[in-house]
Amino acid sequence: MSNGLITAAYVVAAVLFILALGGLSNQEKAKRAIWYGIVGMALAVAATIGTSGVEQYITIALMVIIGGIAGWFVAKRVQMTQMPELVAGFHSLVGLAAVFIGINAHLEMTLALAAKEAGTVAELAGFAATIAKKTALELNILKVELFLGILIGAITFTGSIIAYGKLSGKLSSAALTLPGRHLLNLTAIIACLALGWLYLDGAGLWTMILVALIAGAIGCHLILAIGGADMPVVVSMLNSYSGWAAAAIGFTLGNDLLIVTGALVGSSGAILSYIMCKGMNRSFVSVILGGWGGESSGSADVDGDMVSADADDVAAAVEDADNIVIVPGYGMAVAQAQSAVSELTKKLRGQGKRVRFAIHPVAGRLPGHMNVLLAEAKVPYDIVLEMEEINEDFPDTDVVIIIGANDIVNPAAQDDPGSPIAGMPVLEVWKARQVFVCKRGQGTGYSGIENPLFFKDNTRMFYGDAKASMEALLKELG
Amino acid sequence: MKVGAPKETASGEARVALTPESAGRLKKLGYECLVETGAGMAASFTDQAYQDAGVEVVDSAEALWKQADVIVKVREPSVEEIEAAPEGKTLISFVWPAANEDLLDKMNAKNMSVLAMDMVPRISRAQKMDALSSMANIAGYRAVVEASNNFGRFFMGQMTAAGKVPPAKVLVVGAGVAGLAAIGASTSLGAITLAFDVRPEVAEQVESMGAEFVYLDFDDGDDDSQQDGADTGGYAAPSSPEFREKQLEKFRELAPEVDIVITTALIPNRPAPELWTEDMVEAMKPGSVVIDLAAERGGNCTLTKADERIVTDNDVTIIGYTDFPSRMATQSSTLYATNVRHMLDDLTPEKDGKPVIDMEDDVIRGTLVCHDGEITWPPPEPKTKAIGAAKPKKKEKEETPEEKAEREEKAMKASLNRTAMMLGVGGLLCLGLGTVAPPSFMQHFIVFVLSVFVGYHVIWGVAHSLHTPLMAITNAISSIIIVGALLQISSGSSIVFVLAAAAILMASVNIFGGFLVTRRMLAMFKRS
């Protein structure tokens with residue numbers, strides 16, 4: 001294929017990617033949007049394979065097929081509730097790929113330089129050939145880009161693995177707070193920068209491998225220090241990193257498509273993180289630097305008792321109610337209760353009651369997590385409302401059912417300035433006539449903060465696994 | 001102590017203040033109960049039923065007044081009753097102290113403690129004793145039944161083999177408790193129901209009962225001149241002459257259309273406002289019915305005669321009965337007796353059968369009209385406000401065009417300044433970069449910066465609920481890094497080959513997995 005044709009294909013692919021992201025502005029268009037993405041990707045890969053100098057077709061085909069089958073298999077099998085960890089896991093692959101490609105770029109560069117000195121440049125093919133044409137200044141810039149690619153790639157790789165571990169429950173979700181952790185991070189970053197300087201000065205591959213290792217450690221430590229409640233931000237942040245890594249590699253390889261796509265993904269992840277942080281009223285920096293535990297000594301103790309209720313109490317209250325709001329949280333996802341909830345919704349709506357869902361921006365472990373689960377269970381999306389849309393309606397609500405949510409309905413965010421979540425916008429469920437909290441036990445939530453809501457007079461605790469509880473409730477409603 | 005219910009002396013009064021059921025509950029409070037023989041007969045409570053509930057049946061009113069310490073009644077006592085009564089009794093009953101000051105003086109002279117059921121403050125804690133509401137509820141229901149009884153047609157529209165029946169059109173004026181009850185009964189009979197009230201905030205309640213709220217048209221579009229009743233304890237207040245004019249105009253417009261008018265408009269301690277005038281009655285269709293629940297206070301309809309059913313020349317029936325609750329004596333006695341029982345419940349905190357009059361208690365203080373030889377009516381302002389004052393509707397201050405222009409200009413300037421600043425700093429950075437970087441790099445840099453901008457603008461448009469699919473799709477797209485690996489795989493070096501192949505493998509996992517997951521997610525979104 002001629003260079004012109006390849007560039008044309010890249011342009012089309014880039015436009016398709018932009019359309020794919022822009023198409024998500026509403027649900028109906030979104031189904032089309034994904035095809036833009038798929039076609040764009042296919043076009044980009046096909047054009048690249050067609051580039052002169054790219055050979056090894058068999059290996060490529062083999063790798064794509066194996067990888068494709070593996071990806072297909074994982075994606076087919078995964079439960080919708082496992083989405084967060086899946087996305088995190090996928091990010092790690094992109095990060096590692098970026099590291100590999102960065103190292104490759106260095107190897108090729110050495111190769112090209114050696115060839116240049118030996119005067120055998122003409123024999124070089126592909127990327128090495130382009131490098132051979134570069135000036136000394138361009139080579140230095142290349143080294144900077146390469147360094148950035150490896151650094152970000154490695155952080156993404158290990159960070160995503162830790163995020164995966166935390167989200168899937170294989171690692172404790174509590175924030176790890178090593179003494180002097182900020183200093184630790186700072187030292188590591190300075191070490192990386194120093195190594196990068198050495199590399200620019202002409203030091204060999206070892207500096208880059210060291211950078212990859214140190215950056216990997218930073219990634220681990222960064223994510224380990226972030227508490228469970230901040231996980232949605234982490235996932236979208238890692239998403240952003242994987243984009244920047246791709247963009248950095250794009251600079252290294254002089255490939256505009258990589259730059260465009262990487263920048264798109266990078267900025268989208270960054271904005272998502274920003275939206276999340278705003279939803280929690282926390283500054284981006286403090287989330288990234290992590291760690292709530294230990295610092296929150298100011299939170300007030302709560303007086304009073306939790307009063308428990310069983311399925312028939314809940315059923316009686318629900319039967320009397322006309323206006324019901326359901327607040328789902330991560331507990332619903334964990335217990336896979338969404339279809340039972342959907343069933344309940346259908347039944348209550350069938351009886352002419354007004355049932356709506358209130359979704360907090362950071363409910364669950366991913367932005368929009370609850371929407372996806374409810375959609376999976378076929379809850380019509382026009383009764384699923386955002387916090388701002390429904391918060392004013394709570395005083396007129398007869399019954400609120402909270403399913404596995406905790407921090408997002410914590411009144412301490414408004415009442416207790418000493419609380420670690422003070423100032424975070426929350427769903428004002430306590431203004432409703434009656435609140436039922438469906439919860440596994442008396443323990444605190446993911447963030448480890450006591451919730452005064454559970455002790456309020458109009459709150460009843462409906463203990464048990466969310467799915468089992470919802471099914472019991474359904475049975476009571478007959 | 002003993003609680004006793006005498007037979008009501010007012011003519012036609014069928015209610016009784018003590019039922020066998022409430023007597024049972026009073027016993028648990030430590031009271032003994034007495035009832036005058038035959039007191040419950042008109043409400044279908046026999047002496048036998050009382051005896052079965054452990055109530056002592058007393059032969060005469062005189063004996064009852066003598067034996068009982070607490071007298072419970074429905075209607076205010078007559079002057080004769082008070083004159084015959086022994087000293088120092090406690091009385092719980094409707095009193096209407098504003099209208100019966102003489103009676104109040106007489107009761108005070110007898111050193112009685114009198115709790116007026118009509119004075120129970122309208123706060124949520126006292127709702128269980130709010131006899132006015134429970135009686136009004138019955139009156140509203142009964143008004144519809146009475147209307148139906150005097151109306152020659154169905155309420156509900158029907159298409160039958162014998163022809164089409166139009167639905168009745170009912171107008172309820174005054175959406176207090178009685179009005180709302182009437183609306184409920186009328187809509188459930190199938191009539192088209194309209195309702196009017198001077199307090200616009202009840203429109204929501206009216207609509208919740210299934211009726212249509214009649215709004216007045218004000219030329220200047222100033223809708224909130226329908227007034228706010230929250231500061232009068234939820235009751236209506238007299239309206240301004242202009243407002244009244246508008247209201248009557250609307251009624252005149254409606255009169256020929258409606259079949260049944262139920263008026264329930266009362267203003268505390270004032271004669272009932274005159275809302276349904278003679279000409280409106282004349283405009284009504286023959287066979288129409290007017291039920292005037294305000295007849296006792298002069299009536300909302302000009303032609304109403306208290307306690308009478310009259311038929312006008314154009315065949316409109318006007319009913320001015322004042323005893324609607326009494327016409328459903330069993331129901332109203334049950335509810336009233338329960339209200340009284342709750343009152344005694346609050347009066348007996350120790351549950352030892354001894355009433356304690358706690359002057360600090362808002363409800364008891366408000367209800368008490370005379371005590372210890374002193375007239376304690378009218379009560380001081382209650383500590384708790386009846387109804388949280390309705391938030392004054394925030395009037396969006398119309399800003400003048402100049403102000404608006406000024407504000408916009410200011411905002412514009414601020415945003416311009418910000419943009420200029422950002423552009424300046426960004427531009428300087430770019431310049432700095434441009435002086436050192438070679439043109440080949442700058443070319444890529446342009447692409448990069450533009451893409452970040454595109455990404456920024458595109459992502460803000462993404463719907464909140466689609467954030468997870470967004471993440472999945474960007475994840476899939478980020479595997480574009482495969483392009484880098486593809487470009488490298490054909491290098492001569494074997495290490496490069498292996499690493500590139502591994503990168504291709506990983507990126508492929510991501511491409512296929514990412515897109516498939518996104519598709520699965522998006523496929524689930526559906527509209528009801």
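Buried means under 20% relative accessible area, with exposed over 50% and partly exposed in between (1.4 Å probe, protein chains only).

This is a predicted model, in which local features need pLDDT of at least 70 and side-chain atom pairs count only at pLDDT 80 or more, while totals for chains, interfaces and linings use all residues. Residues are numbered from 1 along each chain as its sequence is written, chains are lettered from A and ligands numbered from 1 in the order in which they are written, and side-chain values use heavy atoms, leaving out hydrogens and water.

Select chain A. Of its 478 residues, 57% are buried. Colour by secondary structure to see 18 helices and six strands (DSSP runs numbered from the N terminus: helices H or I, at least four residues; strands E, at least two).

Next, show chain B as well and select the residues in contact (heavy atoms within 4.5 Å): 108 from chain A and 80 from chain B. The two chains bury about 8,600 Å² between them, 78% of it on carbon and sulfur atoms; this is the accessible area (1.4 Å probe) lost on being put together, summed over both parts. On chain A, pick Leu24(A), Ile34(A) and Met41(A), which lose the most area to chain B, together 8% of what that side buries.

Now look for polar pairs across the interface. Eight residue pairs are in polar contact (both at pLDDT 80 or more), that is, N or O atoms within 3.5 Å, where within protein one must be able to donate a hydrogen and the other to accept it, and residues adjacent in sequence count only if both atoms are side-chain atoms.

Finally, select helix 4 of chain A, which gives the most to the side touching chain B, with 18 residues.
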